[in-house]
Amino acid sequence: MKKKELDALKKELLFKRETLTAKNGGEKVSQYAEGYKGFIDGSKTEREAVEYTIQILEKSGYKPFNFGDALEIGGRYYLNNRGKSICAFRIGQNNLEQGVKIVGAHIDSPRLDLKQNPLYEQNDMAFLKTHYYGGIRKYQWTTVPLALHGVLIKGDGTTVKVNIGDDKDDPILCITDLLPHLAAEQSQKPLATAFKGEGLNILIGTDAIDKDADKAVKLNVLNILNQKYGITEKDFISAELCAVPALNARDLGLDRSLIAAYGHDDRVCAYPALTAFLESEKSLSTCLCILADKEEVGSDGVTGSQCSIFYDLLDEICHHFGANRNKVKMNSVCLSADVTAAYDPLYSEVYEKNNSTYINGGVAICKYTGSRGKSGTSDASAELVGKIRAIMDKNGIVWQTGELGRVDAGGGGTIAKYVANQNIDTIDVGVPVLSMHSPMEVISKKDIYETHKAFKCFYLD
Ligand code: MN
Ligand code: MN
């Protein structure tokens, strides 16, 4: 075969992965990244993410919706679910029975929750006991600066918001680690057992309130908290306090191409879901943007995506406009917006390079997640993958596809299966992340911007 013919054949038959590496992101990408950094710094917990989201939505003219409220075509609303999850939605011109368009992400991230009786004193040091939330590698959470975010509900029902450690003048907290000089025995243990959940106790003070008092250090800490927040020890019982890394988002790399931050998973998909939703008001479809809680612990409970609330909302919309709800769901499509494990050359042994997603590879489309023999995945149909692929190509979006590491290397899941179980075609689409679930995750600015564009094309298609 002549070289020319061979080249033509190659061009026609072979699939060549496109990447954003050599594409100049330009001003749009860096501006978008700044907006995202603001969002993630203001959203260290799901509650804060909901508050931040509501601010953005209200600025754009969205109104709070409660069950039973009137709805109108062209109306822009949001349903605030207990301050921990939220659904923004817009009623389109199209007949509902043509289906609605959903992008759903989660706004909770792995962290250390305080136990309900957290405070204790030992050897004149005061500590907070934690129960880790989500899949963490315990060793990563020692010797990093920690902040305390959350709420306490006092006996009289009033809410106290706590935020200690993020302001540069605030003190930080931390979990200590063993010095290498004395770690001979610990170093021989497997990682899974070398660090214990019960050992993740946060150092919170060492000063005594009085030289004669019993538990004088603990009492001193409580006194400081009482002066600042008016709380007592009993109030911890009705509280949700989370220890999160006391780090704000920073540009990473001399070229500033990446962003390092706590909680990219999954706020790095929640933010583009929201911005794309807001920029697709021309869409004729009814569009929903769901930001759910509890994904990192199985999506259970009243604020998780297994809760019926979002489908109750869909029911109410259908009922209001006289649409057949079963038909609406059957014809709807959901992008489960969640992160993928970006290929990491330092740990190449756990990835399969032809089926991994890459930093600067663009928005990642995942047909399935799960573990072992695809256990626990909704596995999007080839038809749906085809449809999404066509939308991406039509709009010049740089996209890639991959799965979560090598077969049998481990696994994981997203909200996709819970939405799919409601008879809504669903596929995972999101941003590749390095060091996922660590206190400092890493993403690419070009990838998040491409994901924003991808979600926007989906809503507008
Ligand atoms: Mn996630
Ligand atoms: Mn996760």
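Here is a short chat about how the two domains of this predicted model meet and which salt bridges it holds.

Visitor: Before we start, what kind of model is this?
Guide: Residues are numbered from 1 along each chain as its sequence is written, and side-chain values use heavy atoms, with hydrogens and water left out. Local features need pLDDT of at least 70 and side-chain atom pairs count only at pLDDT 80 or more, while totals for chains, interfaces and linings use all residues, as this is a predicted model.

Visitor: How much area do domain 1 and domain 2 bury between them?
Guide: Domain 1 covers 10–109 + 262–460 and domain 2 covers 111–245, with bounds from an automatic or database domain assignment. In contact (heavy atoms within 4.5 Å) are 17 residues of domain 1 and 16 of domain 2. Buried area is the accessible area (1.4 Å probe) that two parts lose on being put together, summed over both. With 50% of it on carbon and sulfur atoms, the figure is about 1400 Å².

Visitor: How many salt bridges run between domain 1 and domain 2?
Guide: A salt bridge here is a side-chain nitrogen of Lys or Arg within 4 Å of a carboxyl oxygen of Asp or Glu. Lys44 and Asp166 make such a pair, at 3.0 Å from N to O. Between domain 1 and domain 2, the count is five.

Visitor: Is Arg111 buried or exposed?
Guide: Arg111 pairs with Glu46 in a salt bridge, with the closest N and O atoms 2.8 Å apart. Arg111 sits in strand 5 (residues 111–122) and Glu46 in helix 3 (residues 46–59), 65 residues apart; helices (H or I, at least four residues) and strands (E, at least two) are DSSP runs, numbered from the N terminus. Buried means under 20% relative accessible area, exposed over 50%, partly exposed in between (1.4 Å probe, protein chains only). Since its relative accessibility is 3%, Arg111 counts as buried.

Visitor: Which residue does Asp251 meet in a salt bridge?
Guide: Asp251 lies in strand 11 (residues 250–252) and its partner in helix 2 (residues 26–41), so the pair ties together parts 214 residues apart in sequence. Asp251 is partly exposed at 21% relative accessibility, while the partner is buried at 11%. At 2.8 Å from N to O, that partner is Lys37.

Visitor: Why does Lys282 count as exposed?
Guide: Lys282 is in the loop between helix 7 (264–278) and strand 13 (287–292). Lys282 counts as exposed because its relative accessibility is 77%.

Conventions: Chains lettered and ligands numbered in written order.
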